[in-house]
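Work through the exercises below with the model open. Each task is followed by a solution in steps.

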Amino acid sequence: MIATIDKPAWVQLVPDEEAVSELATVFARTLVTPVVVYLKGDLGAGKTTFARAYVHALGFRGYVKSPSYGLLETYEAGGQKILHLDLYRIEDPEELEYLAIRDLFDAKSVLMVEWPDKGGNRLPAADLELEFGETEESRFIACRPFTAHGLGMAEQVRRLL
Ligand code: ADP
Ligand code: MG
């Protein structure tokens, strides 16, 4: 672990869904597996929209649904295994054990987690955290790295934006 970084590595304004797709496309070119990305922000902030855009940017053609009911949706695309988790509805971090995330998570995996705080210490630690928010001006996505691996990817995304 590197020292906790309070200030984000960068903040990108995403005024519309096209801007989210552009950012997700840069992530699709940049993320190196295995990688854990926490997606934080209020209900409706745009977490699922980003994960969906990421899966599509990797070339997946089908429907990408919100995992808020199924908890976990998985996709194979672009040589990656995307594990998209949404813990909003779990009541106890122990419920995560039934999903066997640690068994599913392998060298090709991108784990994206909405509401990671609900997973307690049952989740793999984040390399990157994306915070979805909104000012009067625009929606934004802020990126914070928590590992050296995450820092390298955060810097590479910023170079490509
Ligand atoms: P969350 O998963 O954080 O609860 P969603 O991704 O489901 O939020 O998004 C909620 C709504 O906001 C959706 O209707 C989506 O189309 C819209 N939305 C998401 N991101 C943006 C954005 N950057 N600009 C405009 N609308 C957005
Ligand atoms: Mg969601």
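The exercises cover a ligand shell, helix packing and two backbone features.

This is a predicted model, in which local features need pLDDT of at least 70, side-chain atom pairs count only at pLDDT 80 or more, and totals for chains, interfaces and linings use all residues. Residues are numbered from 1 along each chain as its sequence is written, chains are lettered from A and ligands numbered from 1 in the order in which they are written, and side-chain values use heavy atoms, with hydrogens and water left out.

**Exercise 1.** Describe the shell around ligand 1 and its polar contacts.

Step 1. A residue is near a molecule if one of its heavy atoms lies within 4 Å of it. There are 15 residues around ligand 1, and Glu17, Gly44, Lys47, Thr48 and Thr49 come nearest.

Step 2. Sort the shell by class: 5 residues are nonpolar, 4 polar and 6 charged. Here Ala, Val, Leu, Ile, Met, Phe, Trp, Tyr, Cys and Pro count as nonpolar, Asp, Glu, Lys and Arg as charged, and the others, Gly among them, as polar.

Step 3. Assign elements, taking helices (H or I, at least four residues) and strands (E, at least two) as DSSP runs numbered from the N terminus. Helices H1 (17-30) and H2 (47-57) each supply at least two shell residues; the largest share, 3 residues, comes from H2.

Step 4. List polar contacts (pairs of N or O atoms within 3.5 Å). Oxygen atoms of ligand 1 lie 2.7 Å from a polar backbone atom of Gly44, 3.2 Å from a backbone N or O atom of Ala45, and 2.6 Å from a side-chain N or O atom of Thr49. The protein covers 71% of the 570 Å² of accessible area that ligand 1 has on its own (Shrake-Rupley method, 1.4 Å probe).

**Exercise 2.** How is H1 oriented relative to H2?

Step 1. Axes are lines fitted to C-alpha atoms over the stretch in contact, and angles run from 0 to 180 degrees between N-to-C directions. H1 and H2 pack at about 55 degrees, with axes 8 Å apart.

Step 2. Angles under 35 degrees count as roughly parallel, over 145 as roughly antiparallel, 65 to 115 as roughly perpendicular and the rest as oblique. H1 is therefore oblique to H2.

**Exercise 3.** Locate the cis peptide bond and the positive phi of Ala100.

Step 1. The bond from Thr33 to Pro34 is cis, with omega near -5 degrees; Pro34 lies in the loop between H1 and strand E2 (35-40).

Step 2. Phi of Ala100 is near 50 degrees, and Ala100 lies in the loop between strand E4 (80-86) and helix H3 (101-104).

How values were computed
A polar contact is a pair of N or O atoms within 3.5 Å; within protein, one must be able to donate a hydrogen and the other to accept it, and residues adjacent in sequence count only if both atoms are side-chain atoms.
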